[in-house]
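Hi,

Here's the structure I said I'd pass along. Have a look first, and my notes follow underneath.

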Amino acid sequence: AAATPPTNPLSRDPNKPQIDNHVYNYVKFCRPSFPELVSCAPIPEKNSKIGRNEEEDDLWLKMKDEARSDIDQEPILSTYYITSILAHDSMERALANHLSMKLSNSSLPSSTLYDLFLGVLTEDCSQDIIKAVIADLRAVKERDPACISYVHCFLNFKGFLACQAHRIAHKLWSNGRQILALLIQNRVSEVFAVDIHPGAKIGKGILLDHATGVVVGETAVIGNNVSILHNVTLGGTGKISGDRHPKIGDGVLIGAGTCVLGNVIIEDGAKIGAGSVVLKKVPARTTAVGNPARLLGGKENPKKLDKIPSLTMDHTYEWSDYVI
């Protein structure tokens with residue numbers, strides 16, 4: 001009897017077009033002659049781990065399954081998914097590779113950035129960065145209806161990628177490597193149109209929705225589970241130095257085109273309407289709208305929100321004196 005031809009392990013359906021094993025093996029070992037598709041840094045054996053936790057492993061395996069499913073649907077993308085996801089044994093390595101490819105240029109090779117990024121991720125003994133990456137992935141998937149899968153976010157959402165590049169830059173900044181941190185900030189601004197100073201402190205579970213035009217100043221602080229739309233500025237007033245940028249609490253939603261200026265506090269669970277200019281403190285669980293921003297319900301008795309706005313992503317509000 002004729003022998004049954006082997007099926008490619010990367011495709012779950014042998015009746016669909018299979019991935020070229022030669023391509024897979026070629027990419028797996030990251031030969032230097034293939035720099036335009038994947039970092040030249042060697043990929044370790046599959047049983048090596050970088051202090052990974054169970055949550056990371058579960059999400060990483062799901063992302064690999066999503067990548068295989070996408071290849072089944074669009075075989076033309078097989079090489080892209082292999083080099084970006086399937087050829088890597090951990091989320092850290094895939095992230096370091098993907099960011100290095102995105103942010104490299106003719107004078108800043110992807111292999112150099114890969115070594116730098118992976119070094120930061122693997123030296124993070126407490127795994128704060130990768131835990132934040134996982135929380136950000138879940139935040140985007142849960143809050144953005146345009147996100148069809150975790151792997152789609154990981155590869156294609158520039159707000160997510162800009163945030164992860166900032167996390168690496170912030171680690172470098174905190175360790176006194178300011179020149180490198182500022183270089184990463186510049187490349188992220190050029191590539192993703194997102195300008196976050198490496199000194200800014202950002203929590204986890206962050207959604208930068210669309211992200212184009214987001215600006216975050218050096219002394220800004222952003223809490224956990226915050227959602228920020230495009231063209232938002234967390235900046236200074238231009239009149240003072242030192243601690244001069246906004247402090248954003250947990251669960252805050254900031255609408256598109258908003259400017260929050262100066263060392264002002266937006267307390268937990270507050271919502272800022274689109275196009276607002278905020279120059280003063282916004283109390284917890286209240287809504288501020290307008291230019292200059294004012295509280296719905298008035299300063300003395302502001303209307304209180306009963307849900308966390310960054311999670312509901314509800315940008316509507318009732319403004320009793322709003323007239324068209």
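Which ring does the charged end of K141 sit over? That would be Y150, with the charged end 5.9 Å from the ring centre. Bear in mind that this is a predicted model.

On to the aromatics: there are two aromatic pairs in the structure. One is made by Y80 and Y81, which meet edge-to-face, with 5.7 Å from centre to centre and 70° between the planes. The two residues sit in different classes of exposure: Y80 is partly exposed at 31% relative accessible area, while Y81 is buried at 7%. The other pair is F154 with F160, whose ring centres are 6.1 Å apart. Their planes are at 45°, so this pair counts as tilted. Both of these phenylalanines are buried.

The backbone has a few things to check as well. N291 and P292 are joined by a cis peptide bond, with omega at about -5°. You'll find P292 in the loop between β14 (287–289) and β15 (294–295).

Then there are two asparagines with positive phi. N225 has a phi of about 55° despite not being a glycine, and its place is the loop between β5 (221–222) and β6 (227–228). Its relative accessible area is 36%, so N225 is partly exposed. For N231, phi is near 60°, again positive in a residue other than glycine. N231 belongs to the loop between β6 and β7 (233–235), and it counts as partly exposed at 43% relative accessibility.

Cheers

Conventions
Residues numbered from 1 in each chain as written. Predicted model: local features only at pLDDT ≥ 70, side-chain atom pairs only at ≥ 80, totals over all residues. Heavy atoms only, no water. Phe/Tyr/Trp six-rings, centres within 6.5 Å; stacked < 30°, edge-to-face > 60°. Buried < 20%, exposed > 50% of the residue type's maximum accessible area, 1.4 Å probe, protein only. Lys NZ or Arg CZ within 6 Å of the ring centre and 35° of its normal. Helix = DSSP H or I, 4+ residues; strand = E, 2+ residues; numbered from the N terminus.
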